[in-house]
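Welcome, and please open your viewer. We will go from stop to stop, selecting a few residues each time and looking at what is there.

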Amino acid sequence: MASSVRVDRVVSIDIFRGLTMTLMIFVNELAEVKGLPWWNYHALAKVDAMTYVDMVFPAFLFILGMTIPIALEHRLRKNPSVPALWLHVILRTIALVVIGLILANAEFGSRSLMGIGPMVWTILALAGAVLYWNVYGRSARYQTLFRLLRFSGIALMVAMFAIFRRTTPDGHAAWISTSYPEILGLLGWTYLATVFLYLATRRWRWAPLVWFIAMTALCAGSTGNWITFPHGLPLYLWPFGNGAMASIALAGVVISGIFVDTRGGKQATLQHKSAMAISFGVLTLLLGWLLTPLGISKIRATPTWCLYSIGCSVLLFTLLFWVCDVRRAVRWAAFSRPAGENTLLTYLLPDFYFFIASACGFTYFSKHANIGLPGVLRCMIFTALILALSALLTRLKLRLQI
């Protein structure tokens with residue numbers, strides 16, 4: 001049985017991304033709920049353990065890797081210019097880092113130095129991002145308005161970055177901190193690193209697997225302090241980091257090469273694809289087990305955390321591919337589809353809620369329904385409301401794309 005999948009849109013990727021986004025919203029809200037078993041929170045840095053919460057970010061990295069060959073090959077078919085492609089990649093990286101820096105610095109702004117509260121600053125900066133990166137219509141009648149909105153968005157972001165000031169521990173005024181670019185920034189730098197490796201060797205079929213092995217080896221060597229040069233290097237100089245995030249994204253590239261034909265080559269059977277993917281997933285789990293002496297920790301970015309997360313993502317995606325792309329059973333995931341197709345907007349909606357609530361002094365939920373089962377139910381309702389709002393805004397043509 002041969003499986004043919006249209007390259008431009010693989011349904012299981014959207015659904016996997018939507019389910020991951022749904023879980024992310026839930027666990028981020030759950031972090032404020034007290035009295036739950038330890039496995040409902042991130043594992044502590046000093047503990048050799050990982051929870052399902054620690055696997056959410058790796059799932060995003062894995063999906064990012066899966067989409068890279070599809071998106072880049074699609075762009076190259078439309079425009080074979082490599083410089084134009086690299087311009088797109090660099091601008092996309094900058095966009096993710098910029099939004100990440102806004103979120104990372106949100107709570108550190110100084111009202112006395114900026115003249116506005118940090119929550120208001122963040123709302124305005126994110127509003128600028130939405131105005132600039134929104135996908136506007138193609139109607140010639142409104143193009144002037146659309147250009148004005150885009151210009152307003154970038155002007156607002158530039159203004160917010162220009163006025164931002166924070167107070168350092170020693171009492172001095174400082175500008176934006178770039179030490180931690182938040183999850184979106186980490187995704188941006190990993191995207192740049194993975195694209196660089198993919199494009200440099202895209203004509204070699206086995207290159208993604210070789211790069212995956214190399215990044216896993218770098219992660220193991222760095223964690224064991226056998227390789228020291230990545231330590232302390234900023235991501236804008238060495239976007240590969242200690243190899244952990246890049247290895248997860250490259251695993252996504254490997255699985256994308258198995259399931260999605262981006263080059264128009266001979267189609268493998270579904271059984272062959274599934275066997276290769278499951279074998280890869282099982283091997284990563286086994287390798288992760290063998291590397292447990294190096295520790296298991298998301299915060300320390302150990303190879304076992306990477307490999308266990310990869311193995312679970314591979315096996316889950318293989319199941320989703322069979323259910324959604326082969327059997328065409330997708331209605332069950334309708335609740336999460338908007339989150340998977342309009343991911344950046346859905347990602348920002350909880351942040352908008354938090355910053356608006358904080359600016360207004362609304363603290364009811366931080367003091368009520370934040371313990372045990374009532375807290376879990378509150379998180380489930382919050383997640384459902386965010387997904388519903390995302391679906392509504394998507395229908396209203398508010399869609400962010402970078």
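The tour below visits rings, a surface patch, cysteines and a contact between distant parts of the sequence.

Before you start, note that this is a predicted model, in which local features need pLDDT of at least 70, side-chain atom pairs count only at pLDDT 80 or more, and totals for chains, interfaces and linings use all residues. Residues are numbered from 1 along each chain as its sequence is written, and side-chain values use heavy atoms, with hydrogens and water left out.

**Stop 1: a pair of rings.** Select F259 and F321. Their ring centres are 4.5 Å apart and their planes stand at 45 degrees, so the pair is tilted. (Rings of Phe, Tyr and Trp, the last by its six-membered ring, pair if their centres lie within 6.5 Å; planes under 30 degrees apart count as stacked, over 60 as edge-to-face and the rest as tilted.) F259 is in helix α9 (residues 244–259) and F321 in helix α11 (residues 303–326), so the pair ties together parts 62 residues apart in sequence. Helices here are DSSP runs of H or I with at least four residues, numbered from the N terminus.

Are F259 and F321 buried or exposed? Both are buried, a word that means under 20% relative accessible area, with exposed being over 50% and partly exposed in between (1.4 Å probe, protein chains only). Now add F16, F62 and F317: ring pairs link these residues with F259 and F321 into a cluster.

**Stop 2: a surface patch.** Select Y142, L145, L148, F151, I154 and V158. Together they form a nonpolar patch on the surface, with about 580 Å² of accessible area. I154 lies in helix α6 (residues 143–163), and its relative accessibility of 34% makes I154 partly exposed.

**Stop 3: the cysteines.** How many disulfides are there? The count is 0, where a disulfide is a pair of cysteine sulfur atoms within 2.5 Å. Select C312: the closest cysteine sulfur, in C306, is 13 Å from its own, too far for a bond. C312 is partly exposed, at 35% relative accessible area. Next, select C324, whose sulfur is 18 Å from the closest cysteine sulfur, in C312, again too far for a bond. C324 counts as buried, at 1% relative accessibility.

**Last stop: across the sequence.** Select E341, in helix α12 (residues 337–341), together with G18. These two are 323 residues apart in sequence, yet 7.3 Å apart in space, C-alpha to C-alpha. E341 is partly exposed, with a relative accessible area of 30%.

Notes
Patches are made of residues with over 30% relative accessible area and no salt bridge: like charges are joined within 9 Å, nonpolar side chains (Val, Leu, Ile, Met, Phe, Trp, Tyr) within 5 Å. Accessible areas come from the Shrake-Rupley method with a 1.4 Å probe; for residues, only the protein chains shown count as cover. A salt bridge is a side-chain nitrogen of Lys or Arg within 4 Å of a carboxyl oxygen of Asp or Glu. Helices (H or I, at least four residues) and strands (E, at least two) are DSSP runs, numbered from the N terminus.
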